[in-house]
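This report describes the fold, the interior and the surface of one protein chain. The sequence and the structure are shown first, and the description follows.

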Amino acid sequence: MIILGILLCIAAIGILCWLLFTLAIVALPLFVGVNASTWAFNTGAGWFGAILVGILAAGLTLGVGQILLGVVRPMWAKLAIAMVFVAPAIVAGYHATHGIAKHMMPSETWQIVFSVIGAIAVGVAAFLRVAGMAAADYSGRDMVQA
């Protein structure tokens with residue numbers, strides 16, 4: 001029974017890490033949506049209004065980011081837009097890895113070391129996903145058609 005618990009724990013950590021890497025690109029829209037819904041709720045919109053405002057703000061943030069990556073031509077501007085999406089993913093990766101590392105090792109120094117490594121890994125994964133979104137817009141563009 002103990003072995004089953006250990007295997008389930010490893011599987012849960014693997015699923016959570018996969019989920020973190022998969023959803024790292026939506027960290028910025030999630031943060032914007034949560035802040036917008038909190039603001040809407042505090043101004044008297046109620047639960048339904050707050051949820052609706054949060055979903056709209058998150059969707060608008062992701063949509064505007066994708067449109068800007070497709071429309072903006074200079075590479076430095078695309079890099080700046082990508083970094084706006086990657087920075088919250090790095091913060092989320094740091095805190096997620098730190099939460100796991102706190103349970104695995106008692107040394108605070110090693111917790112921070114592994115948290116920084118996790119933040120870098122999540123940041124690279126998010127940057128590659130954002131770069132993939134920007135590169136997908138150029139497929140088939142500027143090709144000579146006969």
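Does Met75 count as buried or exposed? At 64% relative accessibility, Met75 counts as exposed. The residue is placed in helix H4, and its C-alpha atom lies 21 Å from that of Pro88, which is 13 residues away in sequence. These values, like the others below, are computed from a predicted model.

**Overall architecture**

The secondary structure comprises 5 helices and 0 strands, and the order of elements from the N terminus is α-α-α-α-α. Three of the helices recur in this report: helix H2 covers residues 27-42, helix H4 covers residues 75-104, and helix H5 covers residues 108-136.

The radius of gyration of the protein is 19 Å, whereas a compact globule of 146 residues would have a value near 15 Å. Along the principal axes, the C-alpha trace spans about 65 × 50 × 30 Å. Of the 146 residues, 28% count as buried. Among contacts between residues at least 6 apart in sequence, 67% join residues at least 24 apart.

**The nonpolar interior**

Which residues form the largest nonpolar core? This core has 9 residues, namely Ile25, Leu28, Leu69, Val72, Ala77, Ile81, Ala82, Phe85 and Val130. Helix H4 (residues 75-104) supplies the largest share of this core, with 4 residues. Another core lies apart from it and has 6 residues, including Ala24, Ala27, Val86 and Ala89.

Within the largest core, Ile81 may be taken as a point of reference for packing. Leaving aside residues up to four places away in sequence, Ile81 touches Gly65, Leu68, Leu69 and Val72. Of these partners, Leu69 and Val72 are themselves listed in the largest core.

**Buried polar residues**

Two further buried positions are occupied by a histidine and a serine. His98 is found in helix H4 and has a relative accessible area of 18%, so it counts as buried. Not counting residues up to four places away in sequence, His98 touches Gln111 and Ser115.

Ser37 is placed in helix H2. Why does Ser37 count as buried? Its relative accessibility is 19%, and buried means under 20%. With residues up to four places away in sequence left out, the contacts of Ser37 are Ala50 and Gly54.

**The surface**

The protein exposes about 9,800 Å², of which carbon and sulfur atoms supply 79%. A nonpolar surface patch of about 690 Å² is made by Leu79, Met83, Ile112, Val116, Ile120, Val124, Phe127 and Leu128. The elements that give two or more residues to this patch are H4 and helix H5 (108-136). Helix H5 gives the most, with 6 residues.

Met83, one of the patch residues, is found in helix H4. Its relative accessible area is 38%, and Met83 is therefore partly exposed. Helix H4 thus holds a member of the patch in Met83, while the same helix also supplies 4 residues to the largest nonpolar core.

**Accessibility and separations at selected positions**

Two positions in helix H5 are also partly exposed. Ala131 lies in helix H5 and has a relative accessible area of 34%, so it is partly exposed. Val113 is likewise placed in helix H5, and its 33% relative accessibility makes it partly exposed.

The table gives C-alpha separations for these two residues and for Met75.

| Residue pair | Separation along the chain | C-alpha distance |
|---|---|---|
| Ala131 and Ile2 | 129 residues | 43 Å |
| Val113 and Ala58 | 55 residues | 32 Å |
| Met75 and Pro88 | 13 residues | 21 Å |

**Summary of the interior and the surface**

In this predicted model, helix H4 contains the buried His98, the partly exposed Met83 and the exposed Met75. Helix H5 contributes 6 residues to the nonpolar patch and carries the partly exposed Ala131 and Val113. Helix H2 contains Ser37, which counts as buried.

Terms used:
Residues numbered from 1 in each chain as written. Predicted model: local features only at pLDDT ≥ 70, side-chain atom pairs only at ≥ 80, totals over all residues. Heavy atoms only, no water. Core = buried A, V, L, I, M, F, W, Y, C linked by side-chain atoms within 4.5 Å. Buried < 20%, exposed > 50% of the residue type's maximum accessible area, 1.4 Å probe, protein only. Contact = heavy atoms within 4.5 Å. Rg over C-alpha atoms; globule rule 2.2 N^0.38 Å. Areas by Shrake-Rupley, 256 points an atom, 1.4 Å probe, with all protein chains shown as cover. Patch = residues over 30% accessible without salt bridge, like charges linked within 9 Å, V, L, I, M, F, W, Y side chains within 5 Å. Salt bridge = Lys/Arg side-chain N within 4 Å of Asp/Glu carboxyl O.
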